[in-house]
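Please keep the sequence and the model open side by side while reading. The text below moves through helices, their contacts and a few single residues.

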Amino acid sequence: MNGREFVEFLYRKYYPELEGPIIAVRKALAELDPKSPAFAQLMQRQAKRELSHARAFSKAVLQYPELDPHERAEIAHQAAEEFEHYALLKDYLKSRDADIEDLSADAYGAYFDQFLTGDVEAFRLCNIAEKSAVVFLRHLRDVSTDPDVRRLAQAMVADEEGHEDRVKSQLAKIAENENRRDFLAKQFVQSWASQKTGVFLEARELGLDLEKVLASFKQAENL
Ligand SMILES: [Fe+2]
Ligand SMILES: [Fe+2]
């Protein structure tokens, strides 16, 4: 197995348990009625995610001398894009009188904070689950009944696709070294599992029928 194949193997192995259900739930969240308060809360939460991601990547540029100039530039660039997404979401929320000051930014900071104090290699893999943001935004762009929401998602989706590509090539690069594969698998599971906890909690708090969504995911996938 080369690096890329090993990464594909990981994705396949954990799809039924991690990626699959997470994506099913995020798609269901994207289908919430755009006029509902729950949808506004969903966008508030997304705004906070973007902000904590942007902050963490900005800090990492200064934090890790191990990053080469090219990588440093890419991380700074991604931080700028996540800040931009935060601004877009904030404008959207303002347009519907649902600004985000009532939600603590700390709620989403904890995930990234753990990657700012230690191993640069762990930091490099901290956004393995970025793929779920891509699927969420694509779905929002394609299915939302509100043209403003479709435009909002469209404005962010290409950036997120770029971020996902970066994660993919990081993963494949690390996986080329067979000695690093255990570490990689551990980070992969940790990152997706943490995403799962957050997304499931969010779904419950926003009143989604989680059990129903998961049951139909299993049925569709023959699990
Ligand atoms: Fe983003
Ligand atoms: Fe991103």
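A residue counts as buried if 20 or more other C-beta atoms lie within 10 Å of its own, and as exposed if 12 or fewer do. This is a predicted model, and the C-beta counts below come from it. Lys48, in helix α2 (residues 37-63), has 20 C-beta neighbours inside 10 Å and therefore counts as buried. Its C-alpha atom is separated by 17 Å from that of Lys196, a residue 148 places away along the chain.

The helix that holds Lys48, α2, packs against α3 at an angle of about 155°, with the two axes 8 Å apart. That angle makes α2 roughly antiparallel to α3. The crossing of α2 past α3 is left-handed. Sorted by class, the residues of this contact are 16 nonpolar, six polar and four charged.

Helix α3 itself has 27 residues and reaches 39 Å from its first C-alpha to its last, close to the 39 Å expected at 1.5 Å a residue. Its buried residues are Ile75, Gln78, Glu81, Glu82, His85, Tyr86, Leu89, Tyr92 and Leu93. The cover over these buried residues includes α2 and α7.

Which residues make the contact between α3 and α7? First, the geometry: the axes of α3 (residues 69-95) and α7 (residues 147-175) come within 11 Å and cross at roughly 165°. The two helices are therefore roughly antiparallel to each other, and their crossing is left-handed. From α3 the contact draws on Glu74, Gln78, Glu81, His85, Leu88 and Tyr92, and from α7 on Asp148, Leu152, Ala155, Met156, Asp159, His163 and Arg166. By class, these are five nonpolar, three polar and five charged residues. Among the α3 residues in this contact, Gln78, Glu81, His85 and Tyr92 also appear in the list of buried residues of that helix.

Just after α3 comes Asp97, with a positive phi of about 55°. Most residues other than glycine have a negative phi. Asp97 takes its positive value although it is not a glycine. This residue lies in the loop between α3 and α4 (106-113). Is Asp97 buried or exposed? Only 12 or fewer C-beta neighbours are allowed for an exposed residue, and Asp97 has 7 other C-beta atoms within 10 Å, so Asp97 is exposed.

Another part of the packing involves α1 and α6. Their axes come within 9 Å and cross at roughly 35°, and this crossing is right-handed. Ile22, Ile23, Arg26, Lys27 and Ala30 of α1 meet Ser132, Val135, Phe136, His139, Leu140 and Val143 of α6. The class count for this contact is seven nonpolar, two polar and two charged residues.

One of the α1 residues in that contact is Arg26. With 23 other C-beta atoms within 10 Å, Arg26 is buried. Neighbours within four places in sequence aside, Arg26 is in contact with Ser132, Val135, Phe136 and Val199. Ser132, Val135 and Phe136 belong to α6, while Val199 is one of the buried residues of α8. Ala203 is also buried in α8; Arg26 and Ala203 are 177 residues apart in sequence and 8.2 Å apart in space, C-alpha to C-alpha.

Helix α8 (residues 181-205) has 25 residues, which should span 36 Å at 1.5 Å a residue; its end C-alpha atoms are 36 Å apart, so the two values agree. The buried residues here are Leu184, Gln187, Phe188, Ser191, Trp192, Gln195, Val199 and Ala203. They are covered by elements that include α1 (3-30), α5 (120-124), α6 (130-143), α7 and α9 (210-220). Helix α7 thus appears in the cover of α8 as well as in that of α3. Just after α8, Gly207 takes a positive phi of about 85°.

The last residue to look at is Asn222, in the segment after α9. Its phi is near 55°, a positive value in a residue other than glycine. With 6 C-beta neighbours inside 10 Å, Asn222 counts as exposed.

Technical notes
Residues numbered from 1 in each chain as written. Chains lettered and ligands numbered in written order. Predicted model: local features only at pLDDT ≥ 70, side-chain atom pairs only at ≥ 80, totals over all residues. Axes fitted to C-alpha atoms, helices over the stretch in contact; angles between N-to-C directions. Helix = DSSP H or I, 4+ residues; strand = E, 2+ residues; numbered from the N terminus. Parallel < 35°, antiparallel > 145°, perpendicular 65-115°, else oblique. Left-handed = near helix turned anticlockwise from the far one by under 90°. Contact = placed C-beta atoms within 7 Å. Nonpolar A, V, L, I, M, F, W, Y, C, P; charged D, E, K, R; others polar. Expected span 1.5 Å × (residues − 1).
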